[in-house]
Structure formats: structure tokens, C-alpha cells
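Reader: I am new to reading protein models, and I would love a close look at one part of this one. Could you take me to the aromatic rings and then show me what lies around them?

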Amino acid sequence: SISGTIPETDKWCPQLKEIYLYNNDISGTVPKQLTDLNLHYCKLGGTNHFACPLPVDLPDICILDSDYPTECNYPPPQPPPPPSPPPSPPTPS
């Protein structure tokens, strides 16, 4: 099984027609760049753990699979909290 994330890149091969990644341990977001491809076959669902929301323009062929639908089942990553301010210097007495 494959684990990790799908990289966000503008280097996707424009001739790519099929993506077959279902039932792995892929997590993180689904890159918006996948929406620019003219896919004829796309399986992303199953046991993968994609962050919500999925790209709005993700082709239906990547989502509507009755056996392995692509679902987001984790909330998007939250930004880290801001750093705490440094302690105030003691006041002279």
C-alpha cells in the first residue's frame, strides 16, 4: 500500500489519463491541479484519508464511484497557534 500525500505541483503530465490510487493510506488534501487533467479513469477513494474540503472542480469520475467513493473524512489542517508573547520584564520597586 502507498502512504503519504499527493504532491501539489504544476508538473503533472498533461497526457495523464488514468489515476488509480484507491485503497491505500494516502492523506492530506487532493491537489487542485488534478482538476486540470482530462482524466478518463480516476480512483481515489477507499481507505485513503483526504482532508476536507475536496476541490470543488474535481471531476465526477474521481468522486462518484459506487464501490470506492472519494470522501473527505478529516477536517482541513488547522494553522498553528500564534506564539506566546514574551514575559513582561519585572517592574522596578
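Author: Happy to! Let us begin with the surface of the whole chain. The accessible surface of the protein chain is about 6700 Å², and 58% of that belongs to carbon and sulfur atoms. Keep in mind as we go that this is a predicted model. The chain has 93 residues, of which 25% count as buried. Its secondary structure consists of one helix and six strands, and along the sequence they follow the pattern β-β-β-β-β-α-β.

Now to the rings. How many aromatic pairs does a search of the whole structure find? The search finds two. In one of them, the ring centres of Tyr-20 and Tyr-22 are 5.1 Å apart and the planes stand at 85°, so this pair is edge-to-face. Planes over 60 degrees apart count that way. Tyr-20 also pairs with Tyr-41, and here the rings are stacked, with 5.8 Å from centre to centre and 25° between the planes. For stacking, the planes have to be under 30 degrees apart. This stacked pair links distant parts of the chain: Tyr-20 belongs to strand β2 (residues 18-20) and Tyr-41 to strand β4 (residues 41-43), 21 residues apart. Taken together, ring pairs join Tyr-20, Tyr-22 and Tyr-41 into a cluster.

Are these rings buried or exposed? Tyr-20 has 51% relative accessibility, so Tyr-20 counts as exposed. Tyr-41 has 31%, and therefore counts as partly exposed.

Stay with Tyr-41 for a moment and look at its surroundings. Setting aside neighbours within four places in sequence, Tyr-41 is in contact with Lys-17, Glu-18, Ile-19, Tyr-20 and Ile-61. Take Ile-61 from that list: the C-alpha atoms of Tyr-41 and Ile-61 are separated by 6.7 Å, although the two residues are 20 apart along the chain. For the chain as a whole, consider contacts between residues at least 6 apart in sequence: 31% of them join residues at least 24 apart.

Next, follow the chain onward from β4. Asn-48 lies in the loop between β4 and β5. With 3% relative accessibility, Asn-48 counts as buried, because the cut-off is under 20%. What does the side chain of Asn-48 reach at 3.0 Å? It is the backbone oxygen of Leu-21. A polar atom of the Asn-48 side chain also lies 2.6 Å from the backbone oxygen of Leu-44. Leaving out neighbours within four places in sequence, the residues in contact with Asn-48 include Tyr-22, and Tyr-22 is a member of the ring cluster we have just visited. Other contacts of Asn-48 on that list are Leu-21, Asn-23, Asn-24, Asp-25, Ile-26 and Asn-73.

Ile-26 brings us to some strand pairing. Strand β1 (residues 3-4) and strand β3 (residues 25-28) pair in the parallel sense over two bridges, and Ile-26 in β3 is the bridge partner of Gly-4. Strand β3 is also joined by two bridges to strand β5 (residues 49-51), and these two run parallel. One bridge partnership here is that of Ser-27 with His-49 in β5.

So you can trace a path on the model: start at the cluster of Tyr-20, Tyr-22 and Tyr-41, step from Tyr-22 to its contact Asn-48, and go on from Asn-48 to Ile-26, the bridge partner of Gly-4.

Terms used: Residues are numbered from 1 along each chain as its sequence is written. This is a predicted model: local features need pLDDT of at least 70, side-chain atom pairs count only at pLDDT 80 or more; totals for chains, interfaces and linings use all residues. Side-chain values use heavy atoms; hydrogens and water are left out. Two strands pair if DSSP finds at least two bridges between them. Helices (H or I, at least four residues) and strands (E, at least two) are DSSP runs, numbered from the N terminus. Rings of Phe, Tyr and Trp (its six-membered ring) pair if their centres lie within 6.5 Å; planes under 30 degrees apart count as stacked, over 60 as edge-to-face and the rest as tilted. Buried means under 20% relative accessible area, exposed over 50%, partly exposed in between (1.4 Å probe, protein chains only). Contact means heavy atoms within 4.5 Å. Accessible areas come from the Shrake-Rupley method with a 1.4 Å probe; for residues, only the protein chains shown count as cover. A polar contact is a pair of N or O atoms within 3.5 Å; within protein, one must be able to donate a hydrogen and the other to accept it, and residues adjacent in sequence count only if both atoms are side-chain atoms.
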